[in-house]
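Student: I have a model open and would like to talk through how its helices are described. Could we go over it together?

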Amino acid sequence: MWGKIEHYFDEYPVRKQIAKTLLKYGLKVSDDMKIKCGNIEVPYTKIAKALDVDRRVVKETVAMILKIPELREIYTNLEPTVHMKFVGRHVGYGVIEIEPEPRAIGILAKIAGKIAERGINIVQVVAEDPELYPEATLTIITERPIPGDLINELSKLEGVKRISIY
């Protein structure tokens, strides 16, 4: 998605950095010029400090987003999502992270099919956008750990570059 909207910020590199961060973390821009994580307001100063930019540029970025209909439609509808990658194992879930070959197609379908064949339920899937994350991965959380022989089978699938287990 980032590739479809980043051109709006081409003339404003700092605004681009801010807009990309808002998108990456699911931080919503509200009609009253606030930045929110769900219903929790995130002050401009906190965003500015995290990115080492001036808070006024954060405010200008929010104003710009609200003025451009395509950006407004996207940013006013963002929602943060829990990612169980690092907590899944603490509650008995299986957690695998797959780094696909660049532009590989159908990886999720192939992997989900193999997991389903073993009667293992998938609890969560997080597929990172390669335009936001240079080393985009596919993280799959399952109701129980995945057996070693299945990990070996998955690692041999076409388009799978690397698998990590958490």
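Student: Why are H2 and H4 called roughly perpendicular to each other?

Tutor: Good place to start, and keep in mind that this is a predicted model. Helix H2 (residues 13-25) and helix H4 (residues 55-67) pack at an angle of about 70°. Angles of 65 to 115 degrees count as roughly perpendicular, so H2 and H4 get that name. Their axes lie 9 Å apart.

Student: Which residues in H2 and H4 meet?

Tutor: From H2 come Val14, Arg15, Ile18, Ala19 and Leu22, and from H4 come Val57, Val58, Glu60, Thr61, Met64 and Ile65. By class, the contact of H2 with H4 has 8 nonpolar, 1 polar and 2 charged residues.

Student: What makes H6 and H7 roughly antiparallel?

Tutor: Helix H6 (residues 107-117) and helix H7 (residues 148-155) pack at about 155°, with axes 10 Å apart. Angles over 145 degrees count as roughly antiparallel, and therefore the term fits H6 and H7. Their crossing is right-handed. Ile111, Lys114 and Ile115 of H6 make the contact with Leu150, Glu153 and Leu154 of H7.

Student: Which residues have the most contacts inside the largest nonpolar core?

Tutor: Those are Trp2, Leu22, Leu23, Ile35, Ile47, Val58 and Tyr75, in a core of 27 residues. H4 gives the most to this core, with 5 residues.

Student: What does isoleucine 35 touch?

Tutor: Leaving out residues up to four places away in sequence, the partners of isoleucine 35 include Leu22, Ile47 and Val58, which are also listed among the residues with the most contacts in the core.

Notes:
Residues are numbered from 1 along each chain as its sequence is written. This is a predicted model: local features need pLDDT of at least 70, side-chain atom pairs count only at pLDDT 80 or more; totals for chains, interfaces and linings use all residues. Side-chain values use heavy atoms; hydrogens and water are left out. Axes are lines fitted to C-alpha atoms, for helices over the stretch in contact, and angles run from 0 to 180 degrees between N-to-C directions. Helices (H or I, at least four residues) and strands (E, at least two) are DSSP runs, numbered from the N terminus. Angles under 35 degrees count as roughly parallel, over 145 as roughly antiparallel, 65 to 115 as roughly perpendicular and the rest as oblique. Contact means heavy atoms within 4.5 Å. Ala, Val, Leu, Ile, Met, Phe, Trp, Tyr, Cys and Pro count as nonpolar, Asp, Glu, Lys and Arg as charged, and the others, Gly among them, as polar. A crossing is left-handed if the near helix is turned anticlockwise from the far one by less than a right angle, and right-handed if clockwise. A nonpolar core is a set of buried Ala, Val, Leu, Ile, Met, Phe, Trp, Tyr and Cys residues joined through side-chain atoms within 4.5 Å. Buried means under 20% relative accessible area, exposed over 50%, partly exposed in between (1.4 Å probe, protein chains only).
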